[in-house]
Structure formats: C-alpha cells, structure tokens
Amino acid sequence: MTSTWTPDEPIVSLKDVHKSFGDLEVLKGVSFDVMKGEVICIIGPSGSGKSTLIRCINALNDIQAGSIKVEGQEVNTPHLDKLALRKKVGMVFQQYNLFPHKTAIENVMMAPVLVLKQSPEEVEVHARSLIKKVRLEGKEDAYPGELSGGQQQRVAIARSLAMNPDIMLFDEVTAALDPETVKEVLVTIKDLAAEGMTCMLVTHEMGFANEIADHIYFTDRGVIVEHGPPATFFKRAKDPRTREFLSQIL
Amino acid sequence: MKHLSGSTGTDLPVMLPFRPGAATWDARDWAGIATSKRFGLALALVLISWILVDSAYAQMVGGKSQTVWETLVKWTPLMMFGPQGQFGGFILNIVVSFIAMALGTFMGLWMGLGQVSTNRFIKRACWIVTQLFRNSPWLVLLFYFMLLLPFYINIGDTRIEVSGWAKATFALSLPIMANVSEIVRGAVGSIPTGQWESAESLAFSRTQTMWRIILPQCIKRMVPPWMNWYCILTMSTPLISILGVADGMTLTQDALAAEGRSEYLIPMYLWLMSWFFIYSYPIALWTRKLENRFAVNQ
C-alpha cells in the first residue's frame with residue numbers, strides 16, 4: 001500500500017467512474033483531476049449525480065467501474081484502507097450531522113481522541129483553536145440544538161478539520177441554511193481555501209463558486225457536460241445544457 | 001397537545017434544544033406524583049372500595065369474630081415477607097421482577113444489537129430468537145423452563161439446588177429479553193442515517209459509532225418503553241405462584257385457606273392488589289411523564 005504520490009501529481013484523480021443504484025445509473029463515466037490546493041466547484045441540476053460523485057471520493061458510496069485515486073491510493077478496491085482514506089479526506093454534509101448529545105467542543109474532539117488515539121489534552125488545545133478559526137469562541141460548551149444552522153455547520157467544518165485532512169469535501173453545505181447564515185459559512189470556507197486547503201464543493205451558490213473556484217464542473221445526467229475556470233465558464237459557456245441551466249439560475 | 005407546549009409558548013410540535021440533564025429524575029418529580037390529583041384519586045378509590053367491603057362485612061357478622069382489618073393485619077407479615085426464616089411473599093415478587101428485568105435487559109441489549117448486525121447469520125438468528133420469545137405466552141414459558149431446567153446442578157462435589165423462584169425468574173426474563181431486543185432495534189433504526197455517515201466519514205469504526213454515537217442517543221428513546229415493560233413484568237410475577245413458588249399470591253391463597261372463610265376472598269386479594277398498585281402506579285406515571293418530555297424534545 002505504499003503510495004508514490006508526489007504533490008505535482010493530481011491529489012484526487014477520477015477516471016471513467018460509473019456508479020449505479022440498482023438499475024439506475026447515476027454516474028456514467030466521470031473523469032477529472034484535482035491538484036493540491038485547488039478549489040473546485042461542482043454544479044448542476046438536482047439529480048445529476050453531484051452529491052453521489054463527491055461521496056464516492058471518500059468511499060461513502062462504492063462505485064461499479066472506473067478508478068478514483070486519492071493521493072495516489074486507489075479507492076475502488078476491496079482492500080481499501082478506509083481509515084487511512086478518511087484521515088486524508090474530510091467531509092461536511094448538508095444536514096450538518098453533528099452529534100446532538102455532545103457539546104461543540106466534544107464534537108470536534110471526538111474523532112481525534114477515539115480514532116487517532118491522541119491525548120485529550122493536546123486535542124483540546126487544537127479543538128479550541130479550530131473553534132476560534134470558525135469564529136465560534138464562547139460556543140465551545142453549547143449543544144448543537146442550542147446553535148443556529150450556520151453555527152452548527154461551522155462546528156461541522158471544525159470537526160472535519162480536527163482530523164487534519166488534506167482534502168475537504170463540501171456537499172451542499174449551505175442548502176439547508178437560512179439565507180442570513182449562509183454567508184458566515186461561506187466566509188469560513190473561503191478562509192480555508194485561502195490557506196491552501198484542497199476543497200471540492202457541490203453547491204448552488206453561483207456567486208460564491210465564481211468567486212472562490214479555480215475550476216468549475218457542470219454535471220448533468222451523470223456526465224460532466226462542461227468545465228473551465230469561472231471566468232470562461234460563466235461568460236462563455238458553449239454547451240446548450242449549461243447555458244440553459246445558467247440562464248435559469250443567474 | 002397542550003401539555004407538550006413546554007417553554008416554547010406554542011403548542012406546535014417544535015424541536016426543542018437538547019437539554020443535558022433533562023432525563024434526570026429528582027425528588028421533586030416523586031413529590032409531584034405523590035401529590036398529583038390522579039394518583040390520589042386512584043388510591044382513594046381503592047381504599048374506599050375496601051372500607052365499604054370491610055364495614056359491610058362487619059355489620060353482617062356483628063361483633064362476634066375479628067374484623068376483616070384485624071385479619072388483614074394478622075396475615076400481612078406473611079403475605080409481605082413470606083414464612084419466618086424463609087424468603088417469599090410480595091417482597092419476592094419485587095425481587096423476581098428486579099432480577100428478571102436486569103437479566104432480560106442485559107440479554108435483550110445484545111440480542112437487539114445482534115438484530116442490527118451486519119453479519120447476516122447473527123442478524124437472522126437474533127431475529128428468530130426475539131420473535132420466538134416475544135410471541136410465546138409467558139405462562140407456557142414458565143412451565144416449560146420449570147420442567148426443562150434441572151433441580152440440581154453438580155459442580156465437582158458440591159450440589160447446588162436450583163430453586164423454583166430462580167428458574168421462574170429466568171423464564172420471565174426471556175420475554176423481557178425479546179421485547180428489550182425490539183426496543184433496541186427500533187431505537188437504533190430511528191437514529192437518522194446522517195449520524196452513521198458523519199461518523200463513518202470521521203473514520204469511526206462501526207463498533208465505535210454504535211457505542212459512542214448511536215446508543216447514547218437511543219437511551220432517551222428506550223427508557224419509557226423499557227419502564228413500561230418493567231410494569232408489565234411486575235404485574236405478571238404472580239404467575240409464578242402457579243408453579244408453587246411462595247410469592248405474595250401463593251401466601252395470600254395459603255392465608256385464605258387457613259382462615260377457611262370465603263368472605264375474606266375479596267378483601268384479601270384487594271389488599272394484595274393494592275400493594276402492586278401502590279408500587280407500580282408511580283412508575284407508570286413517571287413513564288408517561290418521561291414520554292411526554294421526550295416526545296418533541298429529541
């Protein structure tokens with residue numbers, strides 16, 4: 001399982017990925033590469049396979065054919081070291097999925113203490129700095145039920161960061177939020193991207209995608225229809241499906 | 001729905017914030033039950049009906065023999081604690097209910113976890129065992145285990161007698177096991193899949209996810225139905241009298257036989273019944289209170 005990956009190779013590399021749920025083929029041959037430190041946004045209509053695509057990268061969904069490599073390590077193999085993969089890849093969900101019986105700081109501390117077996121004292125110092133980073137000082141001892149959606153989502157981001165991942169996946173993280181709390185979450189993601197974190201986002205926030213992304217992928221019916229840097233993608237989309245989608249949204 | 005409104009000022013089923021310690025129970029809650037109108041009314045009803053029977057009887061027989069009250073007082077130590085130097089009576093019913101509940105809960109927890117196992121064989125086996133004991137009459141189970149289990153166990157040279165009440169307790173723990181198993185399965189299934197997914201993406205193993213994340217959230221959901229089954233179990237413990245165990249029921253029958261007067265039949269059984277009632281009713285009220293508290297406060 002020795003990985004020969006070097007930072008000048010793609011950190012995430014998808015080749016001809018096929019994914020089906022029963023008879024329904026959701027991904028019909030998706031390929032793309034992400035370089036270290038890159039921020040990519042995946043956009044597209046509902047049901048086009050965006051979320052499935054991102055979930056395949058940390059093996060929450062298995063794939064039927066093709067190859068996904070994370071830091072040179074193949075994900076689509078029965079011998080996958082899931083622990084190693086998930087230490088590298090952090091994920092944030094639409095519904096936050098915080099553990100409701102634990103406080104904010106406990107949510108952040110749980111995985112490093114239990115999974116990585118780090119000492120609770122060290123983890124707590126790190127966790128407090130992460131809570132500070134997502135601008136939630138003073139909320140360390142609040143339970144998720146006492147926090148707003150935006151605050152919960154920021155705790156969820158801190159919780160993922162506590163594992164020191166190399167790549168962060170964001171699955172429509174602002175879709176369940178009130179409009180006024182969307183911004184605080186986006187600012188947090190922007191900070192992360194500015195620090196050089198490799199980020200992959202599924203999003204409906206076109207303005208944000210335009211601002212933050214290095215590269216945008218448009219998916220429809222299980223394939224990548226069009227992609228490019230935001231400047232060309234938003235202004236000079238060539239494919240009629242992309243144009244139609246953008247005209248509906250912008 | 002009014003009783004659910006709580007501190008939110010609305011009677012809509014709104015999501016309340018998680019309050020640590022909401023599940024704790026303190027002396028005020030007990031005081032609340034003891035002084036609650038409904039409890040007082042029910043207790044008064046039992047006592048009044050008994051006094052009516054007592055006075056009617058006293059009038060009937062005149063002052064010649066002892067009153068029903070005197071008879072009850074005379075037999076109470078036996079009915080409550082069993083014959084002198086032996087272990088029995090109503091206290092035995094309570095002890096049996098405790099042990100059967102503890103045993104049934106322990107076995108049921110593992111059985112329930114087996115039912116949600118990813119191993120198909122374990123899952124199937126636990127499902128079959130659960131269904132078997134959930135759908136068997138308790139009395140049949142009692143007879144079955146009374147005859148199935150040996151009277152003695154030989155460990156080396158020592159011969160240990162397996163007493164009737166121990167066998168009965170084991171038999172009663174089996175339906176409790178099966179029902180606790182279903183409670184656990186249901187509670188685990190009711191936790192949103194997002195909890196499993198986020199734990200998985202944080203590299204938790206399945207066992208860690210289950211014990212650290214899923215089960216702690218299940219406890220609140222499991223406690224009310226679990227307490228409900230405790231009440232049902234306690235009410236069912238007099239069944240063991242049929243097997244000759246000297247519990248409260250058996251000794252009440254013995255006392256009646258010793259008195260040899262059918263007029264005592266109703267007050268004696270009413271007397272025993274009131275003990276069960278006084279023991280179980282607060283638990284039932286407490287259960288309802290917890291159910292209401294947890295209904296929207298998940």
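**Exercise 1. Find how H4(B) and helix H7 (residues 164–190) of chain B are placed relative to each other, and what their contact is made of.**

Solution. Start with the axes: in this predicted model, those of H4(B) and H7(B) come within 6 Å and cross at roughly 40°. Next, classify the angle. Angles under 35 degrees count as roughly parallel and 65 to 115 as roughly perpendicular; H4(B) and H7(B) are therefore oblique to each other. The hand of their crossing is right-handed. Finally, sort the residues of the contact of H4(B) with H7(B): 19 are nonpolar, nine are polar and one is charged.

**Exercise 2. Work out how helix H4 (residues 90–115) of chain B packs on helix H9 (residues 206–236) of chain B.**

Solution. Take the geometry to begin with: the axes of H4(B) and H9(B) lie 9 Å apart, at an angle of about 135°. That angle makes H4(B) oblique to H9(B). H4(B) passes H9(B) in a right-handed crossing. Now look for the residues. From H4(B) come B:Ser97, B:Ala100 and B:Met101, which meet B:Tyr230, B:Leu233 and B:Thr234 of H9(B). Sorted by character, the residues of this contact are four nonpolar, two polar and no charged.

**Exercise 3. Describe the hairpin of S1(B) and S2(B).**

Solution. Find the pairing: strand S1 (residues 152–155) and strand S2 (residues 158–161) of chain B are antiparallel and share four bridges. One bridge to check on screen joins B:Asn154 to B:Arg159 in S2(B). Then turn to the loop, where two residues stand between the strands and B:Gly156 takes a positive phi near 65°.

**Exercise 4. Which strands stand at the edges of the open sheet S2-S1-S4-S5 in chain A?**

Solution. Read the order of the four strands, S2-S1-S4-S5, whose pairing is antiparallel. The edges are strand S2 (24–34) and strand S5 (73–74) of chain A; each has a single partner strand, so one side of each lacks a neighbour in the sheet. Inside the order, strand S1 (residues 12–21) and strand S4 (residues 65–70) of chain A pair in the antiparallel sense over five bridges. To see this pair in the model, look for A:Val12, which stands opposite A:Val70 in S4(A).

**Exercise 5. Trace the six-strand open sheet of chain A and find the helix that lies across S3(A), S7(A) and S8(A).**

Solution. The order runs S6-S7-S8-S3-S9-S10, with mixed pairing. Strand S6 (89–92) and strand S10 (223–228) of chain A are at the edges with a single partner strand each, so one side of each has no neighbour in the sheet. On average, neighbouring strands here are turned by 20° against each other, direction ignored. At the S10 end, strand S9 (residues 215–220) of chain A pairs with S10(A) in the antiparallel sense over five bridges, and A:Tyr217 has A:His227 as its bridge partner. The helix is H6 (residues 179–194) of chain A, running at about 145° to S8(A).

**Exercise 6. Break down the contact between chain A and chain B by residues.**

Solution. Count each side: chain A brings 20 residues and chain B brings 17. On the side of chain A, the elements that give two or more residues are helix H2 (82–88) and helix H3 (104–114). H2(A) gives the most, with three residues. By character, this side of chain A divides into 12 nonpolar, five polar and three charged residues.

Terms used
Residues are numbered from 1 along each chain as its sequence is written. Chains are lettered from A and ligands numbered from 1 in the order in which they are written. This is a predicted model: local features need pLDDT of at least 70, side-chain atom pairs count only at pLDDT 80 or more; totals for chains, interfaces and linings use all residues. Axes are lines fitted to C-alpha atoms, for helices over the stretch in contact, and angles run from 0 to 180 degrees between N-to-C directions. Angles under 35 degrees count as roughly parallel, over 145 as roughly antiparallel, 65 to 115 as roughly perpendicular and the rest as oblique. A crossing is left-handed if the near helix is turned anticlockwise from the far one by less than a right angle, and right-handed if clockwise. Two residues are in contact if their C-beta atoms, placed from the backbone, lie within 7 Å. Ala, Val, Leu, Ile, Met, Phe, Trp, Tyr, Cys and Pro count as nonpolar, Asp, Glu, Lys and Arg as charged, and the others, Gly among them, as polar. Two strands pair if DSSP finds at least two bridges between them.
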